[in-house]
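Dear colleague,

I am passing on the structure we spoke about, and below it you will find what came out of going through it. Please read the notes with the model open beside you.

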Amino acid sequence: MLMTILSVIVSIVYFVVLNMNIYTDRAMMPTGEDREWHRSPITRLSIADQSFLIYLQILFAAVTVITGVLFLFGVRSRVIRTIQLVSVIGSTAVFIIIMIVTSDLHAKYA
């Protein structure tokens, strides 16, 4: 029961972190001025045309939340528990991959 609640909370925390403006991008504009943007990991992935990672994260989070709700409503199946465990591990792995990819990403401006 505690693992179910924690897995749902972790999924929510992942999305909060992915929507926070934690990166700063700077670029020289054609007029000679420096421009600065504060961006979230989701925005940086969108700019780099790698949105499939966000969709994968959403898929894993949705499966985690759905199986968590089923478990809390009394569906006590070993299959549900296994699916939830796999989705939590997958969600964590994709979150780590997203954070690594977005930290090394440099948007190019034309």
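Helices in these notes are DSSP runs of H or I with at least four residues, and they are numbered from the N terminus. Please keep in mind throughout that this is a predicted model.

Ser87 is found in helix α4, which covers residues 78-103. Because buried means under 20% relative accessible area, Ser87 counts as buried, with a value of 2%. The side chain of Ser87 reaches the backbone oxygen of Gln84 at 2.9 Å, and, when its neighbours within four places in sequence are left aside, Ser87 is in contact with Phe60, Val63 and Thr64.

Helix α4 also takes part in the largest nonpolar core, which has eight residues, namely Tyr14, Leu18, Leu45, Leu53, Ile54, Val94, Phe95 and Ile98. Two or more residues of this core come from each of α1, α3 (52-72) and α4, and α4 gives the most, with three residues. One of the core residues, Tyr14, touches Gln57, Ser91, Thr92 and Phe95, not counting residues up to four places away in sequence. As general background, nonpolar side chains tend to be buried together in soluble globular proteins.

The surface carries nonpolar side chains as well, since a nonpolar patch of about 640 Å² is made there by Met1, Leu2, Ile5, Leu6, Ile9, Val13 and Leu72. Helix α1 (residues 2-18) gives the most to this patch, with five residues. Met1, for its part, lies in the segment before α1, and Met1 counts as exposed because its relative accessibility of 53% is over 50%.

Turning to the strand, Asp25 lies in β1 (residues 23-28) and is buried, with a relative accessible area of 6%. The side chain of Asp25 makes a polar contact with the side chain of Arg44, at 3.0 Å. The C-alpha atoms of Asp25 and Trp37 are separated by 5.1 Å, with the two residues 12 apart along the chain.

Finally, Ser77 is found in the loop between α3 and α4 and is partly exposed, with a relative accessible area of 28%. The C-alpha atoms of Ser77 and Asp34, which are 43 residues apart along the chain, are separated by 57 Å.

With best wishes

Key: Residues numbered from 1 in each chain as written. Predicted model: local features only at pLDDT ≥ 70, side-chain atom pairs only at ≥ 80, totals over all residues. Heavy atoms only, no water. Patch = residues over 30% accessible without salt bridge, like charges linked within 9 Å, V, L, I, M, F, W, Y side chains within 5 Å. Areas by Shrake-Rupley, 256 points an atom, 1.4 Å probe, with all protein chains shown as cover. Salt bridge = Lys/Arg side-chain N within 4 Å of Asp/Glu carboxyl O. Buried < 20%, exposed > 50% of the residue type's maximum accessible area, 1.4 Å probe, protein only. Polar contact = N/O pair within 3.5 Å; in protein donor to acceptor, adjacent residues only side chain to side chain. Contact = heavy atoms within 4.5 Å. Core = buried A, V, L, I, M, F, W, Y, C linked by side-chain atoms within 4.5 Å.
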